[in-house]
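Me: I am new to this structure and would like to go through a few of its local features. Could we take them one at a time, with the reasoning spelled out?

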Amino acid sequence: MKKTMSITLILSTIFLLAAPSWAISLEECINRAIKSRDVIKKYEYQVKAAKEKERAAMSGFLPTFDLEYSASRARTRGSYGGTDYQNMSGFAGSSSYLPIGAIDFSGDLNETRSYSTFSATLAYNLFRGFGDYRALKAAQFSTSAQNYLLSAQIADVILDVKKAYIQALRAKSYLRVAKVAVKLLEKQKADTQTKREVGLVTKRQVLKVQVELDSARQNLLTAETNFIKAVDRLKRVVGIPYPTQVDLNDVSLREIDVTNFEKLKKRMLEQRSEIRYYRMLISSLEEQKKASESNYYPSIGVSLSYTKFGDDFDMKTKDEGMDYETLFMMTARWNLFNGLRDYAGVKETLYRKIATERELNELENQLVLQLRNSIDNLKVAKNRLKVAESAVKEGKEHYRITYESFKNGLATTTNLLDARYFLTRSEIQKVDAFYDVQIAIAELQRILEITSK
């Protein structure tokens, strides 16, 4: 068992030393994650798509220019017949015997003709019930909404990085505590073995220390594995290639004054990106509704077209016939009834707007509750940290006194093992309390949308 643990420790150490090392701070992790995470790139492209939609809405204020070319070829085959009698009423005849003054039009028909036209049309909308303006405003609000969604996603990634970094530091501290516990027990074993050799303690006491030492070494292996896992998760969140070894810097996030809840609540409702997203979305839906209402108004447009006629595909013309035509046209159109389609479109957008407003209300209530819970968690974690810091001081002093008593024969092996256990437990509780404070601050920063450390 001891041999297996030793081999594992050696292999782990070799692996960590062989991997390239990179000292990285929390700020560097955040910046790298923002640049590399695909989930952020996804929302960046959604913003670009919204901007293109806004560009398309702008086209309603610009003229349209169309070119058209058409060509056709017709071939006619058949026969025709008829006689012009020049008002010779009462005379009957045939094509073989025509009276004087009659003209025969009978014959065969076999004709092929080609036609072609080329036209250029410039058109401009003068009035469409302000629909173009409303559509543009709706697209602009939609773009702003997508930008706020992007900001919210960036804030989520920042929180994810902070949590992963803090959890890695927690695992690193667990590892440090586990190493200290092993060293204390190794020292106690050596002292106990020395006393055993001079007959001051029994073999049972030596074995008891050995059992505790083996248990501590197993805890150390577990702590090393958990630390590697925590760092690997940080690498995945940040986008650091495997198997790069990273060295973490200690972090202490900036404190937040939580004494004035109403002030924090007001800041959250004003700054939170998700709330801004819904507000922009509601404004966009309102403009979409007004754009649909523009169908109730008449539309007025003007156009100027030039058309050239040709007698063949290459637009060549003969001496006779039309050569070209220019046409200026003003058109006014007003739809009076289209099966209630416009009415239904207006209502559909209105109901979507109302539904979004209700969703916004739910979000605001949920965020207020999150803010309260986060403040409570921060207060509890701070109080726990104060108690844990005091417990560590007391645990260290208790272990020192017990160890001196043990050396002087005034304390037993069990007393020293208990003192070591109390010290290790208090240090672990301090580690938990400290990083719980950091997690609570990070979550509160996310709720208030504070992106800095």
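Me: Over the ring of which residue does the charged end of Lys-195 sit?
Reply: In this predicted model, a charge counts as sitting over a ring only if it is within 6 Å of the ring centre and within 35 degrees of the ring normal. The charged end of Lys-195 lies 3.9 Å from the centre of the ring it sits over, and that ring belongs to Phe-406.

Me: At what distance from the ring centre of Phe-261 does Arg-372 lie?
Reply: Arg-372 is placed over the face of Phe-261, and the cut-off for such a placement is within 6 Å of the ring centre. For Arg-372 and the ring centre of Phe-261, the value is 4.2 Å.

Me: How do the planes of Phe-434 and Tyr-435 meet in their aromatic pair?
Reply: By the rule for ring pairs, the count comes to six aromatic pairs. One of them joins Phe-434 and Tyr-435, with 4.9 Å centre to centre and 80° between the planes. Planes over 60 degrees apart take the name that applies here, so the pair of Phe-434 and Tyr-435 is edge-to-face.

Me: Is Tyr-435 buried or exposed?
Reply: Phe-434 has 27% relative accessibility and counts as partly exposed. Buried means under 20%, and because Tyr-435 has 7% relative accessibility, Tyr-435 counts as buried.

Me: What is the phi of Phe-130, about?
Reply: Most residues other than glycine have a negative phi. Phe-130, which lies in the loop between strand E5 (107-127) and helix H4 (131-197), is exposed, with a relative accessible area of 53%. Although Phe-130 is not a glycine, its phi is positive, at about 60°.

Technical notes
Residues are numbered from 1 along each chain as its sequence is written. This is a predicted model: local features need pLDDT of at least 70, side-chain atom pairs count only at pLDDT 80 or more; totals for chains, interfaces and linings use all residues. Side-chain values use heavy atoms; hydrogens and water are left out. Helices (H or I, at least four residues) and strands (E, at least two) are DSSP runs, numbered from the N terminus. Buried means under 20% relative accessible area, exposed over 50%, partly exposed in between (1.4 Å probe, protein chains only). Rings of Phe, Tyr and Trp (its six-membered ring) pair if their centres lie within 6.5 Å; planes under 30 degrees apart count as stacked, over 60 as edge-to-face and the rest as tilted.
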